[in-house]
Amino acid sequence: MNQNGTQEEIKEGIEISIPARSRRAPRVSPEHRTAFLRSRYAILHRQLDAVDDPARTIVRGRRKVARSLNRQASTRRSRFTGVFKNHSKWQALIDIFDRKTYIHSYMTEQEAARAYDLMSLVLKGLAGLTNFDYSKTDVLDLISNHSNIIDKFCSNHS
């Protein structure tokens, strides 16, 4: 690595300059992000239509694993994935295109966890990482109760 932030290679007497790899993901346009989210939302609905038994658990929630037992518990940490405390409210954040993306703020930790679950299901389909177990009817209720999240999320980022 040289002073200009490029990596130099010498191959059979020819010097090739390769730009240093950026740690930050490239910025995606708001229009592209909105179109992507709407297409993933449609795919989730198709996956739900294919499920026959509405009471069977189709998405298994995973517990967040503690990183260290010796560390003192922080008041900002949550026991749910994708949820963080900011002052008096709980925030839901998710990675979209390798960038942490703010979903919304909530009064309770569980509300923020459910918002994270909805966005995870929209982005990854039924294979998404969630905090709770969901059946088909639970997912449909989650979508109907939090339908404003996707609309607000797309409008804020378009």
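Biologist: What makes valine 59 count as buried?

Modeller: In this predicted model, valine 59 has a relative accessible area of 1%. Buried means under 20%, so valine 59 is buried. The residue lies in strand β3.

Biologist: Which residues does valine 59 contact, leaving aside its neighbours within four places in sequence?

Modeller: Valine 59 is in contact with Leu121, Leu126, Gly128, Thr130, Phe132, Asp133 and Tyr134, once neighbours within four places in sequence are set aside. There is also a C-alpha distance to look at: valine 59 and serine 135 are separated by 6.7 Å, although they are 76 residues apart along the chain.

Biologist: Asp133 came up there. Why is aspartate 133 said to form a salt bridge with arginine 60?

Modeller: The closest N and O atoms of aspartate 133 and arginine 60 are 3.9 Å apart. The cut-off is 4 Å between a side-chain nitrogen of Lys or Arg and a carboxyl oxygen of Asp or Glu, so this pair counts as a salt bridge.

Biologist: And what does that pair tie together?

Modeller: Aspartate 133 sits in the loop between α2 and β7 (134-135), while arginine 60 is in the loop between β3 and β4 (83-86), so the salt bridge ties together parts that are 73 residues apart in sequence.

Biologist: How do you know which of the two partners is exposed and which is partly exposed?

Modeller: Exposed means over 50%, and partly exposed is the range between that and the buried limit of 20%. Arginine 60 has 56% relative accessibility, so it counts as exposed. Aspartate 133 has 41%, so it is partly exposed.

Biologist: How many salt bridges does the structure hold?

Modeller: There are three. Another of them joins glutamate 109 and arginine 79, with the closest N and O atoms 3.8 Å apart. This pair links distant parts of the chain: glutamate 109 is in helix α2 and arginine 79 in the loop between β3 and β4, 30 residues apart.

Biologist: Is glutamate 109 buried or exposed?

Modeller: Buried: its relative accessibility is 12%, and the limit is under 20%. Its partner, arginine 79, is partly exposed at 47%.

Biologist: What about the pair formed by aspartate 95 and lysine 100?

Modeller: That salt bridge also has its closest N and O atoms 3.8 Å apart. At 59% relative accessibility, lysine 100 counts as exposed, whereas aspartate 95 is partly exposed at 46%.

Biologist: Why is lysine 136 said to have no salt bridge?

Modeller: The nearest side chain of opposite charge, aspartate 49, is 5.1 Å away. A salt bridge has to be within 4 Å, so lysine 136 has none, and yet it is buried. Lysine 136 is in helix α3 (residues 136-145). Leaving aside neighbours within four places in sequence, its contacts include Leu48, Asp49, Pro54 and Arg56.

Biologist: What makes the link between serine 105 and tyrosine 102 a polar contact?

Modeller: Their side chains are joined at 2.9 Å, and the cut-off for a pair of N or O atoms is 3.5 Å, so the distance falls within it. Serine 105 lies in strand β6. Apart from neighbours within four places in sequence, serine 105 is in contact with Lys89, Trp90 and Gln91.

Biologist: Why is histidine 87 called exposed?

Modeller: Its relative accessibility is 75%, and exposed means over 50%, so histidine 87 counts as exposed. It lies in the loop between β4 and β5. Its phi is near 60°, a positive value in a residue other than glycine.

Biologist: Let's turn to the interior. Which residues have the most contacts inside the largest nonpolar core?

Modeller: They are Ala92, Ile94, Ile103, Leu118, Met119, Val139 and Ile149, in a core of 30 residues. The largest share of this core, nine residues, comes from α2. As for leucine 118, it touches Leu142, Ile143, His146, Ile149 and Ile150, not counting residues up to four places away in sequence.

Biologist: And how much of the whole protein is buried?

Modeller: Buried residues make up 35% of the 158 residues. The protein has four helices and seven strands, and its accessible surface comes to about 10,800 Å², with 48% belonging to carbon and sulfur atoms.

Notes. Residues are numbered from 1 along each chain as its sequence is written. This is a predicted model: local features need pLDDT of at least 70, side-chain atom pairs count only at pLDDT 80 or more; totals for chains, interfaces and linings use all residues. Side-chain values use heavy atoms; hydrogens and water are left out. Helices (H or I, at least four residues) and strands (E, at least two) are DSSP runs, numbered from the N terminus. Buried means under 20% relative accessible area, exposed over 50%, partly exposed in between (1.4 Å probe, protein chains only). Lys and Arg count as positive and Asp and Glu as negative; His and the chain ends are not counted. Contact means heavy atoms within 4.5 Å. Accessible areas come from the Shrake-Rupley method with a 1.4 Å probe; for residues, only the protein chains shown count as cover. A nonpolar core is a set of buried Ala, Val, Leu, Ile, Met, Phe, Trp, Tyr and Cys residues joined through side-chain atoms within 4.5 Å. A polar contact is a pair of N or O atoms within 3.5 Å; within protein, one must be able to donate a hydrogen and the other to accept it, and residues adjacent in sequence count only if both atoms are side-chain atoms.
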